[in-house]
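Welcome, and please load the model in your viewer with both chains shown. We will go from charges to chain folds and then to single residues.

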Amino acid sequence: MIADVLALLLVNGLLLAAGAGLTRAIGVWTRPSELQTVVATALLVGICAFGVVAQLLYVVGFSMSWGQSLVVCAMMAASAALARAPARPLSKRLPLTRVEWVAAVALAFVLIVLAVDSLYQPLASWDAWSQWTPKAHALVQLDGLDQAVFGNAAYADLHPDYPLLIPALEALAFRFGVGARVVHFEFWLLLAAFVVSLVELLRPRAGALLAWSAAIAIAWTPKIGAEALSANADIPLAIFLALAGVAAWIWLSEGNPAALGLFAVFGSAATATKLEGVVELAIVLAVALAIALRQSRRDALLLGMAGALTLVGLVPWRLWAIVVHAPATYSAGAASDNLVSIEPSRVPIAALLLVRQLFDPQLWLVLVPVAICAFVVASAVSQRHRAPAIAGAAALFVAIGFATAFLLPASSYEWRTAYWLLFLPVVVAGSATVVWFAREGGAAAFAGASVGGMLAALVGIYLFTPYDFAWHLGTSSSRVVVPPALFAAVFAPIVLAGATAGNAGRESP
Amino acid sequence: VFSAPRLLTGPESLLLAGMAAIVGGALAARFGRWASPHARSAGTIAAALVASTLVIAPVTAWAVVSDTRAAQRLSDREAERFGPESYGFDTSVTDRIAALVPPADDYRLVASDGLEANRALGFRLWSLSSLLPRIAAADPSSADWIISWGVPPRELGVAVHELHVLALRGRSQPPVYVARVDR
């Protein structure tokens with residue numbers, strides 16, 4: 001096991017070098033001392049960029065052997081030499097206060113406990129053992145993207161048309177001799193890098209208290225740890241989407257071009273991780289573009305170009321899948337069949353089950369309600385005359401959310417008349433809350449509309465699912481709520497800090 | 001005597017985390033030194049978030065430690081096969097199939113309709129992965145081998161030789177048939 005861990009650390013050392021070069025190239029840092037302030041972000045950039053480029057290179061016939069992977073990482077690291085324009089670093093080197101050291105210990109404690117657990121995890125999660133890891137094994141054993149598997153109808157159960165970022169990352173680990181069990185440690189590294197990256201990016205913007213609070217709360221949330229160690233693609237997708245959102249917001253609020261680069265990298269990783277990542281990133285981008293258009297056409301144009309870059313790994317992959325007739329989960333034929341036999345009753349039951357998952361205190365504690373509280377405070381500060389209405393709608397939404405969590409059985413897929421008493425109020429209160437957040441116009445508008453859009457998109461996916469509705473909902477609803485929940489939690493400190501700064505002269509608590 | 005706390009139920013989690021959030025937020029609002037009412041609001045929510053998290057932290061940590069203790073008892077082999085084994089499929093049978101089917105040959109995979117659906121799917125998925133570099137034939141009629149769980153090859157209307165009947169762990173499960181298709 002020690003050899004496996006060391007090999008995986010070596011792999012991540014390479015990815016860190018790649019990420020350091022890329023972040024220098026896009027202007028996230030300029031001097032080596034500044035790299036220390038964004039080292040976790042750099043690792044995530046390296047992981048994302050490698051996954052996206054690997055998907056592209058697999059399509060054009062590379063095997064991504066360890067030698068080729070080494071060259072790719074070296075080229076990314078060398079891209080630092082391309083940095084030309086004077087850059088504004090995205091983070092600052094601020095000394096930690098005594099309270100922050102305590103917060104760092106609280107964060108480190110849970111990460112260490114999870115790290116040990118990740119080393120012993122069995123390959124238990126259905127998607128992990130039936131899809132992601134087998135595809136990584138196929139990439140290694142067949143020395144690349146072989147049509148015999150990825151274009152073969154006999155392998156339809158492995159979903160060969162799903163994006164390749166996760167299998168490519170696992171395949172890289174396997175190439176360096178890491179076993180399938182220790183590969184869970186890579187997912188832990190993603191989580192650890194993410195929470196540290198949050199501190200790196202949010203601390204200079206939202207203040208130390210809010211940044212550390214969010215990082216600690218996220219790392220200690222039972223659902224986040226459990227999902228991260230399951231080796232599923234949902235936590236990586238949630239991480240990439242949240243960071244793409246943060247990068248988009250930094251561009252909108254500060255106009256820092258380095259943030260555009262980060263948006264392109266994290267956004268392309270989201271589209272290369274899961275199919276719904278494309279839909280969810282499109283929603284985040286559309287909301288960001290709508291806000292950017294109010295500011296200036298230039299901001300919107302540049303953001304749109306960064307958005308177009310997020311398709312760099314996805315489009316060639318989809319074209320390849322079409323050309324080789326890879327078995328498609330969401331084929332055009334299946335979609336038209338579903339349109340004909342559409343069952344509107346799926347909408348309320350899917351919506352209620354998603355809400356039920358979001359408010360399950362066993363999984364999320366009170367992370368989601370407290371994040372909503374942060375949004376309410378921010379909106380109420382800027383819309384004083386509507387404060388009671390906003391607070392009332394949000395309180396009703398949270399109350400029904402908890403009621404749904406306790407009243408609705410987890411495996412209830414059949415519609416019952418009594419559910420209208422939960423569904424109608426949750427839709428009215430939820431919609432009103434999102435609309436009021438959107439009117440606030442700042443980060444609350446961006447995050448509120450993005451999260452609302454993601455949840456609506458998930459309901460839409462269940463409405464048109466080609467799978468058995470009950471099976472699809474039962475096996476995935478607890479996982480697919482992770483991206484919107486994490487997005488809301490990550491934006492809570494930004495929203496609060498924005499409201500505080502906007503109304504009290506740029507102070508941070 | 002130390003005894004492990006059991007995991008909290010949903011209502012218990014909500015009660016503890018909710019109470020901690022309220023108490024933490026109230027204390028921060030009352031005793032925190034904030035530069036303005038807006039900063040106090042933000043600080044109160046941050047304190048609520050941290051308090052709600054940390055009050056359940058021992059239970060969360062215990063849950064992770066319990067999971068680690070259970071998981072570390074598994075060998076690497078058991079850990080890698082935990083998924084299909086948990087659905088009731090004896091994965092050792094694919095090792096025996098791999099010893100029979102040469103790596104360059106392809107095969108047709110069949111599972112009886114009488115098998116429990118998830119178990120049959122587990123068999124398919126695990127076999128497709130673990131038998132690599134042997135490839136499942138896109139055109140079943142051209143496959144070199146037939147691998148079927150619970151269905152004798154003759155019932156599939158395929159002429160075969162070198163028939164192997166592989167028993168699975170637990171007598172209640174039907175055998176897996178492996179046979180070379182006649183050419």
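Start by selecting the charged side chains of chain B: there are 18 positive and 17 negative ones, and the centres of the two sets lie 12 Å apart. Here Lys and Arg count as positive and Asp and Glu as negative, while His and the chain ends are not counted; each charge is placed at NZ of Lys, CZ of Arg, CG of Asp or CD of Glu.

A word on what you are viewing: this is a predicted model, in which local features need pLDDT of at least 70 and side-chain atom pairs count only at pLDDT 80 or more, while totals for chains, interfaces and linings use all residues. Residues are numbered from 1 along each chain as its sequence is written, chains are lettered from A and ligands numbered from 1 in the order in which they are written, and side-chain values use heavy atoms, with hydrogens and water left out.

**Stop 1: chain B as a whole**

Switch chain B to cartoon and you will find six helices and five strands; these are DSSP runs numbered from the N terminus, helices being H or I of at least four residues and strands E of at least two. Chain B has a radius of gyration of 28 Å, well over the 16 Å that the globule rule gives for 183 residues, so it is more spread out than a compact globule. That radius is taken over C-alpha atoms, and the rule is 2.2 Å times the number of residues to the power 0.38. Draw a box along the principal axes and the C-alpha atoms of chain B fill roughly 85 × 45 × 30 Å. Of the 183 residues, 44% count as buried (under 20% relative accessible area; exposed is over 50%, partly exposed in between, with a 1.4 Å probe and protein chains only).

Now select P133(B), in the loop between helix 6 (117-130) and strand 2 (135-136). The peptide bond leading to P133(B) from L132(B) is cis, with omega near 10 degrees. Most peptide bonds are trans.

**Stop 2: chain A as a whole**

Move to chain A, which has 25 helices and zero strands. Its radius of gyration is 22 Å, which agrees with the value near 23 Å for a compact globule of 509 residues. The C-alpha box for chain A is roughly 65 × 55 × 45 Å along the principal axes, and 63% of the residues of chain A count as buried.

**Stop 3: H159(A)**

Select H159(A), in the loop between helix 7 (147-150) and helix 8 (165-175). Is H159(A) buried or exposed? H159(A) is buried, with a relative accessible area of 17%. Show the side chain of Y467(A) too: the side chain of H159(A) makes a polar contact with it at 3.4 Å. Such a contact is a pair of N or O atoms within 3.5 Å; within protein, one must be able to donate a hydrogen and the other to accept it, and residues adjacent in sequence count only if both atoms are side-chain atoms.

**Stop 4: L169(A)**

Step into helix 8 and pick L169(A), which is buried at 6% relative accessible area. Beyond four places in sequence, L169(A) touches L15(A), I47(A) and F50(A), where contact means heavy atoms within 4.5 Å.

**Stop 5: two positive phi angles**

Finish with M64(A), which is not a glycine yet has a positive phi of about 55 degrees. M64(A) is buried, with a relative accessible area of 2%. Then select D143(A), where phi is also positive, near 55 degrees; D143(A) is partly exposed at 45%.
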